[in-house]
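Welcome! Let's take a walk through a protein together, one piece at a time. Keep the picture in view and turn it as you read.

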Amino acid sequence: MDASSSSFLSAIQTSKLLTGTMAMTIPKSAVTTTPSFLSRHLPSLNVSSVRIEEKPQNSTTRPTTSRTSRPASSTTTLPAATKPTPSTRKSPANDRRVVEPNQPTMMFNVLEGVINNFIDPPLRQSVDPRYVLSDNFAPVDELPPTECEVIHGSLPSCLDGAYIRNGPNPQYLPRGPYHLFDGDGMLHSIRISQGKATLCSRYVKTYKYTMERDAGAPLLPNVFSGFNGLAASAARGALSAARILAGQFNPANGIGLANTSLAYFGNRLYALGESDLPYAVRLTSNGDIETLGRHDFDRKLLMSMTAHPKVDLETGEAFAFRYGPVPPFLTYFHFDGNGNKQPDVPIFSMTRPSFLHDFGISSKYAIFADIQIGMNPMEMIFGGGSPVGSDPAKVSRLGIIPRYATDESEMKWFDVPGFNIIHAINAWDEEDAVVILAPNILSVEHTLERMDLIHALVEKVRIDLKTGIVTRNPVSARNLDFGVINPAYLGKKNRFVYAAIGDPMPKISGVVKLDVSKGERQECTVASRIFGPRCYGGEPFFVAREPENPEAEEDDGYVVSYVHDEIAGESKFLVMDAKSPGLDIVAAVRLPRRVPYGFHGLFVKESDLKKL
Ligand SMILES: [Fe+2]
């Protein structure tokens with residue numbers, strides 16, 4: 001599971017920011033010298049690379065960075081980095097300069113310290129950076145393209161391109177509450193050519209990242225951890241409103257993190273986070289990663305888009321949606337084969353805001369899950385709990401709408417009690433039925449607060465569109481998520497699934513291969529690999545050995561993933577033979593620097609990289 005309900009959270013946060021007041025009592029002791037929150041909230045972590053905001057060397061006020069006007073193209077170029085001054089230093093390894101925060105920034109930071117120290121309730125484990133950023137969840141610096149060593153086997157020739165994985169990597173060490181989903185997006189790309197590999201790690205240069213880098217301090221609110229009871233929520237709302245009025249940031253430019261996933265369609269590669277527009281990125285010829293800008297598809301895409309668009313490799317089309325806290329709570333849309341966005345299809349039959357992180361696409365339909373997880377406003381404000389919560393009284397349902405619908409008139413909803421999916425693996429059509437394959441979160445009440453208690457059971461759900469009968473079959477008893485397939489089978493009946501073993505979530509101890517064509521009431525695991533003691537990976541990704549060969553078997557290819565050894569402190573890139581019963585490792589690449597645990601990844605072949 002990953003960054004999830006940030007779409008409606010960010011919208012609510014923004015409205016709170018704009019309506020918040022400046023009324024706040026500041027204890028005199030708090031506005032003194034070194035804020036005590038630094039010592040209170042600096043976790044005892046093994047972090048040597050992440051930035052801690054700089055203290056001022058003098059009282060010089062730096063000029064604020066002006067926003068660029070919207071260019072003619074639909075990719076918005078971000079504010080240029082502030083020209084280096086004598087007060088800035090440039091690191092040779094990346095573009096992260098040490099910047100002195102100006103006086104307003106320092107003043108607002110002191111106020112934030114007051115909130116962290118005196119208003120926040122005690123930190124829950126889910127937002128305590130000492131837990132959230134422990135082990136290999138700790139952030140790293142950027143890494144320029146660096147050659148890697150193949151330490152086992154050899155890299156298959158079909159791996160000609162780049163495996164790129166997204167994930168949270170906070171630019172600044174958190175001063176207060178921090179949730180795993182609040183980190184700035186960082187892409188870790190391993191580019192493979194002629195059996196050689198090059199690793200590069202770069203932040204997605206979002207508006208948030210860029211403004212905060214240039215300011216030398218965090219400015220924008222943390223959406224997932226910013227709600228901590230009524231007083232702290234109100235105080236943070238007021239502080240953010242003050243920052244906006246002071247011109248420190250403009251929420252109209254998006255406050256998204258682009259930390260969740262990647263997608264390639266319309267000859268463009270995007271870094272995605274569902275609370276904002278996609279950010280177009282590209283790989284340079286030497287393996288470096290560049291952010292091209294925030295992309296609004298000729299001003300046709302508003303506000304946000306799911307981080308899980310479905311790309312049909314046959315047609316080149318991409319299918320997507322956005323959701324939010326105000327009607328329509330769900331809006332469906334797609335892009336044609338050239339990447340042009342088609343008109344919105346608002347779904348008003350979704351009658352309350354729900355947590356919609358992913359969906360399914362078959363050849364004929366789009367399938368949405370209206371689950372028991374949604375906004376939890378009372379607990380969020382008065383209880384000091386998570387902004388997202390479960391409603392045990394709600395009956396989950398699946399909504400099925402024609403793939404090319406222009407309105408929701410043909411959409412049908414089917415009750416599927418207790419079916420709470422965060423991710424979908426695949427969907428397909430069977431005569432008069434639709435089948436969706438997805439991990440069902442059994443312990444739905446732990447969605448955001450206690451991921452370690454989550455158990456996800458992969459189910460095959462068949463809906464007879466004529467009779468309305470819903471048939472459900474679990475395909476494995478294991479705790480599985482991050483399930484992927486051969487990408488060529490999107491929307492078609494597939495047999496094989498590769499899924500990550502949560503042990504416990506969000507740590508991934510291994511990968512399994514499922515054969516979902518097996519009969520009912522059977523464990524469908526046909527192959528597995530456990531990474532070893534204190535070795536954890538992430539979402540697997542399947543790369544076909546002969547992607548252009550229509551006769552190739554579905555599982556003829558390789559499963560790849562980054563894996564980290566917490567004992568040795570070393571990360572590797574593993575290539576596993578998808579057809580072998582032990583998911584045998586055919587190649588292991590020692591990475592020159594650790595890659596933190598993250599979310600979703602993508603393999604982009606060289607011929608597609610050249611189009612960017
Ligand atoms: Fe996800």
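We will begin with the whole protein, then visit some strands, helices and cores.

What you see is a predicted model. The protein has 612 residues, and 53% of them count as buried. Its chain forms eight helices and 36 strands. If you take the contacts between residues at least 6 apart in sequence, 64% of them join residues at least 24 apart.

With so many strands to look at, a little background helps. Strands of a sheet pair through backbone hydrogen bonds, and they can do so in a parallel or an antiparallel way.

Let's start with strand β7, which spans residues 185-193. How many of its nine residues are buried? Eight are, so to speak a mostly covered strand. β7 has a partner in strand β6 (residues 161-168), and the two pair in the antiparallel sense over eight bridges. To find one of these meeting points, look for Asn166, whose bridge partner in β7 is Leu187. β7 also pairs with strand β8 (residues 196-203), again antiparallel and over eight bridges. Here you can look for Ile192, which stands opposite Ala197 in β8. β7 and β8 form a hairpin with two residues between them. One residue in the turn, Gln194, has a positive phi of about 50°.

A little further along comes helix α5, at residues 207-215. Is this helix mostly covered or mostly exposed? It is mostly covered, with seven of its nine residues buried. The buried residues are Tyr207, Lys208, Tyr209, Met211, Glu212, Arg213 and Ala215, so you will find charged side chains listed there beside nonpolar ones. What covers them includes helix α3, strand β8 and strand β12 (289-295). After α5 comes Gly216, whose phi is positive, near 75°.

Helix α3, which we just met as part of that cover, also has a helix beside it. The axes of α3 (residues 103-119) and helix α6 (residues 229-245) come within 10 Å and cross at roughly 175°. Angles over 145 degrees count as roughly antiparallel, and that makes α3 roughly antiparallel to α6. From α3, the residues Phe108, Leu111, Glu112, Ile115 and Ile119 take part in the contact. They meet Ala231, Ala232, Ala235, Arg236, Leu239, Ala242 and Arg243 in α6. Sorted by class, this contact has nine nonpolar residues, three charged ones and no polar ones. An α-helix has 3.6 residues a turn, so residues three or four places apart point the same way. Keep that in mind as you look along the two helices.

Now turn to a sheet. Four strands form an open sheet in the order β13-β14-β15-β16, with antiparallel pairing. Which strands stand at the edges? They are β13 (310-311) and β16 (345-347); each has a single partner strand, so one side of each is left without a neighbour in the sheet. Inside this order, six bridges join strand β14 (residues 318-323) to strand β15 (residues 330-335). Tyr323 stands opposite Leu330 in β15.

Further on is a hairpin made by strands β23 and β24, with two residues between the strands. Five bridges join β23 (residues 426-430) to β24 (residues 433-441), and the two run antiparallel. Ala427 stands opposite Ile436 in β24, while Glu431 in this hairpin takes a positive phi near 45°.

Another open sheet of four strands has the order β27-β28-β29-β30, and its pairing is antiparallel too. Its edges are β27 (480-484) and β30 (525-530); each has a single partner strand, so one side of each lacks a neighbour in the sheet. On average, neighbouring strands of this sheet are turned by 25° against each other, direction ignored. Seven bridges join strand β28 (residues 496-502) to strand β29 (residues 508-515), and Val497 stands opposite Leu514 in β29.

Finally, let's look at the cores. The largest nonpolar core has 143 residues. Which of them touch the most other members? They are Ile367, Ala499 and Val560. Leaving out residues up to four places away in sequence, Val560 touches Tyr163, Phe541, Val543, Phe573, Leu574, Val575 and Phe603. There is also a second, separate core of nine residues, which includes Tyr207, Ala217, Leu219 and Ile255. You have met Tyr207 before, among the buried residues of α5.

Note on methods
Residues are numbered from 1 along each chain as its sequence is written. This is a predicted model: local features need pLDDT of at least 70, side-chain atom pairs count only at pLDDT 80 or more; totals for chains, interfaces and linings use all residues. A residue is buried if 20 or more other C-beta atoms lie within 10 Å of its own, exposed if 12 or fewer, and partly exposed in between; C-beta atoms are placed from the backbone. Two strands pair if DSSP finds at least two bridges between them. A nonpolar core is a set of buried Ala, Val, Leu, Ile, Met, Phe, Trp, Tyr and Cys residues joined through C-beta atoms within 7 Å. Two residues are in contact if their C-beta atoms, placed from the backbone, lie within 7 Å. Axes are lines fitted to C-alpha atoms, for helices over the stretch in contact, and angles run from 0 to 180 degrees between N-to-C directions. Angles under 35 degrees count as roughly parallel, over 145 as roughly antiparallel, 65 to 115 as roughly perpendicular and the rest as oblique.
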